[in-house]
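Biologist: I am new to this structure and would be grateful for a close look at a single part of it, the space enclosed in its interior. Please then place that part in its wider setting.

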Amino acid sequence: MKKWLCLPVVLIALFAFRNNKFFSPEWVSLFDGHSLNGWKVGENAGTFSVKDGQIVVHGPTAHLFYEGDYKNHDFKNFELKVDVMTFPGANSGIYFHTQYQESSWPEKGFEVQVNNSHTDWKRTGSLYDVVNIKELYVKDMEWFTEWIKVDGKHVVIKINDKTVVDYTEPDDYKPAPGQKGHFLSSGTFALQGHDPKSEVHFKNIMVKVPD
């Protein structure tokens, strides 16, 4: 008899937790593992292909933008985690708060650097031209996870669970000349194809958005 009396109490508690957002939002995959459905690239589209469950980036400068249905590809506060492997001499990046462009470097949003051995000294994990990292935390030809969290004006970047950037955009922040779109706002994600000599692989592109 006591067990039956306890059951409604448990159910009420579960609903209360849910209504009070004790349940964490779930990770959602933005890449299906076998196609570029939900993604869009302008010029030099051949830079991006899919092989063995990975997005392979190898070719002339190009950018692949998430244009899928989830959250109408517009993210403000989020967690993003991506598994990455670089080849020797490669340079790439993961953009956030950006928007689709047919060509050239994205004018809106920020780039999180992917670079372990390119001639550019700004290494993997840098919030490019905002918080630049000289240290090398991962190696070419090894998978690592790049994790980005944006909460309001606060940005945290981790590499394999190690925090490498902890940045808060000042209230009086003004983008540098020629970078008027580089401020925290909202937008989509993009992967960068930097140059024909760069080869980078991406997989397990997952996002978590607060309720």
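**The largest cavity and its setting**

Modeller: The largest cavity holds about 70 Å³ of space. The model in which it is found is a predicted one. At a threshold of 30 Å³ or more, the structure contains 1 cavity. Its lining is formed by V41, G42 and E43, by T61, A62, H63 and F65, and by Q101, E102, S103 and S104. Strand β5, which covers residues 62-66, supplies the largest share of this lining, namely 3 residues.

The cavity belongs to a protein with 1 helix and 13 strands. Read from the N terminus, the helix comes at the start and the strands follow it. Of the 211 residues, 43% are buried. Among the contacts between residues at least 6 apart in sequence, 65% join residues at least 24 apart.

An open space may be set beside the enclosed one. The largest pocket contains about 500 Å³ of space. It is lined by 26 residues, of which Y95, W105, P106, Q179 and H182 are the closest to its centre. Here the largest share of the lining, 3 residues, is contributed by β8.

After β8 (110-114) the chain enters a loop that leads to β9 (144-151), and D120 is located in this loop. D120 is buried, and K122 is the nearest side chain of opposite charge, at 5.1 Å. A salt bridge requires the charged atoms to be within 4 Å, so D120 has none. K122 does approach D120 in another way: its backbone nitrogen is 3.0 Å from a polar atom of the D120 side chain. Apart from neighbours within four places in sequence, D120 is in contact with N91, Q113, N115 and Y128.

A second buried acidic residue, E79, is found in strand β6 (residues 78-86). E79 also lacks a salt bridge, the nearest side chain of opposite charge being that of K208 at 4.4 Å. The side chain of E79 has a polar contact of 3.2 Å with the side chain of W147. When neighbours within four places in sequence are set aside, the contacts of E79 are W27, W147, I148, K149, M206, V207 and K208. K208 is therefore in contact with E79 while forming no salt bridge with it, because contact extends to 4.5 Å between heavy atoms.

Definitions and conventions. Residues numbered from 1 in each chain as written. Predicted model: local features only at pLDDT ≥ 70, side-chain atom pairs only at ≥ 80, totals over all residues. Heavy atoms only, no water. Helix = DSSP H or I, 4+ residues; strand = E, 2+ residues; numbered from the N terminus. Buried < 20%, exposed > 50% of the residue type's maximum accessible area, 1.4 Å probe, protein only. Lys, Arg positive; Asp, Glu negative; His and termini not counted. Polar contact = N/O pair within 3.5 Å; in protein donor to acceptor, adjacent residues only side chain to side chain. 1 Å grid on protein atoms, 1.4 Å probe; cavity = no way out; pocket = protein on both sides within 12 Å on 5 of 7 lines; lining within 4 Å. Points joined across faces, edges and corners; volume = space filled by probe spheres on them.
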